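Okay, thanks for making room for me this morning. I'll put the model up and walk through a few spots in it.

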Amino acid sequence: MKVTNEKTENRQAFLTIEMEPAELEESLEDSYKRLVQKANIPGFRRGKAPRVVLERYIGKESLLEEAVNSLVPQAYEKAIKEQAIEAIAQPQIEVTKTEPLVFKAIVPLKPTVKLGDYQNINVKRETVKVSKSNVSDVIEQLRHQHATWEPVERAVEFGDLVVLDVWSNVENKPFINQKGAQYQVVQSQSSPVPGFAEQLVGMKANEEKEFKLKLPSDYARSDLSGKEASFKLRVNEIKQEILPELNDEFARGIDPDLKTLDSLREKVLSDLKLRAEENARMDFEEKVIDALVNLSEMDYPPILVESEINRILNQRFQRGEQELEEYLKNINKTEKELREELRPSATTRVKRSLVLGKVAEEEKIEVNSSEIDTEIENMTKNATEKKEELKKVLNTPQVRESIEQTLLTRKTVQRLTDKAGIAKVPRKTRRTRKKEEK
């Protein structure tokens, strides 16, 4: 066997491996011995047919394919050992010749990371402010969530809840057809089609109406985008929203532990602050990590990004290929196009993972077994049923390893943010910005 290390590029070793004729012949003989035991050849007992007979029976190409498929993985393993190459994933292999047998292998290598000065990263952390208007907005949302709907004897207005029958088609094919549908008439609403809500305004109970609307060019179903939909509606009932009064009784209806409206406002304020602080913390962490990525130099094989794309797809489409195929059909895209869309975010994930891994290595950050045990306890403390079964699953080696990686990342990010220089600036609310613009 002759191994030529052509080059190393993008943390990939490009090998050309040429087998000696004797090595291929030995593999052909081994393949013959395996296959002849499985073949039922007329005139011969199983396993007794000569090789030349077997080649005529199954085809010489089939025997060669079997031999090559058996020989190449063995030769590859021997080649990377000979070249002292440490592969991190399966190689790309291409057989270029069979006489003599020559194949090429692209071998993914361990990434290299040269960290920037992570000891002195200076990132601004925004302070969080929650205004009274933010609290009022949440209270108003709660009023709408606890509103009642009462029938009215008048024409439809924006904000009403309408019970209606819908018949529609696009190019004489059924589109949206439903009886007794409940639909809230919200101005400029895009669902189910822009302009649909506006067509309902002014209609009365038991009234019917026919109209046409053009589907937008970015419609969810790309096969229907830009086409015209024909609708026929019948309004069965019109209901008006009745909002509850803002008083102590309303507060108790939201949470029995809250006795007054003021206590509800205090709780909403506290919840908003906690949520805003958590968002600010996550935003700060991402900025610190991205700053370090920009300061660092790294080289990694493309397989890492492809693997990350696979992970994203597996997370999104847990039902597997069938769910993915249905999604691709709905958006009228190929899997290749979807993968290209995911590539930028997958690349960002890979870069962040690499720099965090290097920081953990430099800072000698580790996770011990007791920390994993504590995390599992925290994950199961609120479990009411089958708690022990859940613990058993979480304590399997594979899941414990995943938890360990999560904790390691968490500790590394904490170490980074502790080191990062902090300059606090107030985060302005959207309402404040609007006032300033005026």
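Let's begin in the sheet: strand β8 and strand β12, residues 228-242, run antiparallel and are joined by 10 bridges. If you want a pair to click on, Leu 161 sits opposite Lys 239 in β12. Before I go further, keep in mind that this is a predicted model.

β8 has other partners too. Strand β10, residues 178-184, pairs with β8 in the antiparallel sense, over 5 bridges. There, Leu 164 has Ala 181 of β10 as its bridge partner. Then there's strand β9, just residues 173-174, which is also antiparallel to β8, with 2 bridges. One pair to look at is Val 170, which stands opposite Lys 173 in β9. β8 and β9 make a hairpin with 2 residues between them, and in that turn Glu 171 has a positive phi of about 55°.

So how enclosed is β8? The strand covers residues 161-170, and 8 of those 10 residues are buried, so the rest of the structure largely encloses it. Buried here means under 20% relative accessible area. As a general reminder, side chains in a regular strand alternate between the two faces of the sheet.

There's another hairpin earlier in the chain. Strand β3, residues 92-98, pairs with strand β4, residues 101-108, antiparallel and over 6 bridges. Ile 93 has its bridge partner in β4, namely Ala 105. The connection from β3 to β4 is a hairpin through 2 residues.

Now the helix I spent some time on, α10. What span should we expect for it, at 1.5 Å a residue? α10 has 28 residues, 335-362, so it should span 40 Å, and its end C-alpha atoms are 39 Å apart, which agrees. That's the end-to-end check, but look along the helix as well: there's a kink of about 45° at Arg 343, shortly before the proline Pro 344.

Which residues of α10 are buried? The list includes Leu 338, Arg 339 and Leu 342, then Ala 346, Thr 347 and Val 350, and further along Leu 354, Val 355 and Leu 356. The cover over the buried residues of α10 includes helices α7 (261-295), α8 (303-316), α9 (321-331) and α13 (397-419), along with strands β5 (112-114) and β13 (297-299). Just past the end of α10, Lys 364 takes a positive phi of about 55°.

Two single residues to finish. The loop between β13 and α8 holds Pro 301. Is Pro 301 buried or exposed? Pro 301 is buried, because its relative accessible area is 0%. Leaving out neighbours within four places in sequence, Pro 301 contacts Asn 10, Arg 11, Gln 12, Ile 88, Pro 108, Leu 109 and Pro 111. I also pulled one C-alpha distance: Pro 301 and Lys 114 are 187 residues apart along the chain, and their C-alpha atoms are separated by 16 Å.

The other one is Thr 380, in helix α11, residues 369-380. Thr 380 is buried, with a relative accessible area of 0%. Where does its side chain go? The side chain of Thr 380 reaches the backbone oxygen of Ile 376, at 2.9 Å. Not counting residues up to four places away in sequence, Thr 380 touches Lys 387, Leu 390, Lys 391 and Leu 394.

That's my tour, and I'm happy to go back to any of these spots.

Conventions. Residues are numbered from 1 along each chain as its sequence is written. This is a predicted model: local features need pLDDT of at least 70, side-chain atom pairs count only at pLDDT 80 or more; totals for chains, interfaces and linings use all residues. Side-chain values use heavy atoms; hydrogens and water are left out. Helices (H or I, at least four residues) and strands (E, at least two) are DSSP runs, numbered from the N terminus. The expected span of a helix is 1.5 Å times one less than its number of residues. The bend at a residue is the angle between axes fitted to the seven residues ending there and the seven starting there. Buried means under 20% relative accessible area, exposed over 50%, partly exposed in between (1.4 Å probe, protein chains only). Contact means heavy atoms within 4.5 Å. Two strands pair if DSSP finds at least two bridges between them. A polar contact is a pair of N or O atoms within 3.5 Å; within protein, one must be able to donate a hydrogen and the other to accept it, and residues adjacent in sequence count only if both atoms are side-chain atoms.
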